[in-house]
Amino acid sequence: MSAYKDQDTRLHGIKTKIRVVPNFPKSGIMFQDITTLLLDPKAFKDTIDLFVERYKGKNISVVAGIEARGFIFGPPIALAIRAKFVPLRKPKKLPGKVISQEYILEYGRDCLEMHVGAVEPGERALVVDDLIATGGTLCAAMDLLERVGAEVVECACVIELPELKGRERLNGKPLYVLVEYVEI
């Protein structure tokens, strides 16, 4: 499901506030910079509001945010829907016992970690990030949550790069995005 197909008038304002930076962080990458979205309080609020409207009343107990930009969108969504926020971090950033999941992303390899005990079996989880490209990061996040017995209800991203077919890697798990970027 994608919000951009719903024709909500707030989506245009959100999309116009996302800056595209060519060749960052590597040559050939068209980086979707959400920092310009954050500079506009109305567009940022509209972004959060659209997610909250979708997830309020869905019995989600965990909002898992992917480092680093999932940490921007995840906490306000979690607070609004009365869920806990669980950070999914890069290696060696969390103290204590963690579980890890390696993955391949658009321009390399990486790993996500989560505190042992942060999520209990049977909890309903929402995974939040700013963008889905190849889907590797979202898959790693879902794997971490499912390994501890959580039910991943859906993944939520501000932006989708459909040409990279990340949605197809999610094995049928629902993905909700606000805007898509298509290279012309």
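Buried residues account for 47% of the 184 residues in the protein chain, going by this predicted model. The radius of gyration comes out at 16 Å, close to the 16 Å that the globule rule gives for 184 residues, so the chain is as compact as a globular protein of that length. Put in a box along its principal axes, the set of C-alpha atoms takes up roughly 45 × 40 × 30 Å. Contacts reach a good way along the sequence, too: among those between residues at least 6 apart, 60% join residues at least 24 apart.

As for secondary structure, the chain has five helices and nine strands. Read from the N terminus, the elements go α-β-β-α-α-β-α-β-β-β-β-α-β-β.

Five of the strands come together in an open sheet, in the order β4-β3-β7-β8-β9, and the pairing is parallel. The edges belong to β4 (84-88) and β9 (175-180); each of these has a single partner strand, so one side of each is left without a neighbour in the sheet. Going from one strand to the next, the twist averages 20°. In general terms, the strands of a sheet pair through backbone hydrogen bonds, and they can do so in parallel or antiparallel fashion.

The β8 and β9 end of the sheet can be followed residue by residue. Strand β8 covers residues 151-160 and runs parallel to β9, with five bridges joining the two. Along this pair, A156 sits opposite Y176 of β9, while E160 faces E180 of β9. Although β9 is an edge strand with a single partner, five of its six residues are buried, so the strand is largely enclosed by the rest of the structure.

A helix also packs here. Helix α3, made of residues 41-55, lies across β7 (124-132), β8 and β9, and runs at about 155° to β8. One residue of helix α3 worth a look is D46. With a relative accessibility of 10%, D46 falls under the 20% cut-off and so counts as buried. The side chain of D46 makes a polar contact of 2.8 Å with the side chain of K42. Leaving aside residues up to four places away in sequence, D46 touches R10 and I14.

Finally, what about the cysteines? A search of the whole structure turns up zero disulfides. For C111, the closest cysteine sulfur is that of C139, and at 15 Å it is too far for a bond. C111 is buried, its relative accessibility being 12%. C157 is in no disulfide either: the nearest cysteine sulfur belongs to C155 and is 6.7 Å away. A relative accessibility of 0% puts C157 among the buried residues as well.

Notes:
Residues are numbered from 1 along each chain as its sequence is written. This is a predicted model: local features need pLDDT of at least 70, side-chain atom pairs count only at pLDDT 80 or more; totals for chains, interfaces and linings use all residues. Side-chain values use heavy atoms; hydrogens and water are left out. Two strands pair if DSSP finds at least two bridges between them. Helices (H or I, at least four residues) and strands (E, at least two) are DSSP runs, numbered from the N terminus. Axes are lines fitted to C-alpha atoms, for helices over the stretch in contact, and angles run from 0 to 180 degrees between N-to-C directions. Contact means heavy atoms within 4.5 Å. Buried means under 20% relative accessible area, exposed over 50%, partly exposed in between (1.4 Å probe, protein chains only). A polar contact is a pair of N or O atoms within 3.5 Å; within protein, one must be able to donate a hydrogen and the other to accept it, and residues adjacent in sequence count only if both atoms are side-chain atoms. A disulfide is a pair of cysteine sulfur atoms within 2.5 Å. The radius of gyration is taken over C-alpha atoms; the globule rule is 2.2 Å times the number of residues to the power 0.38.
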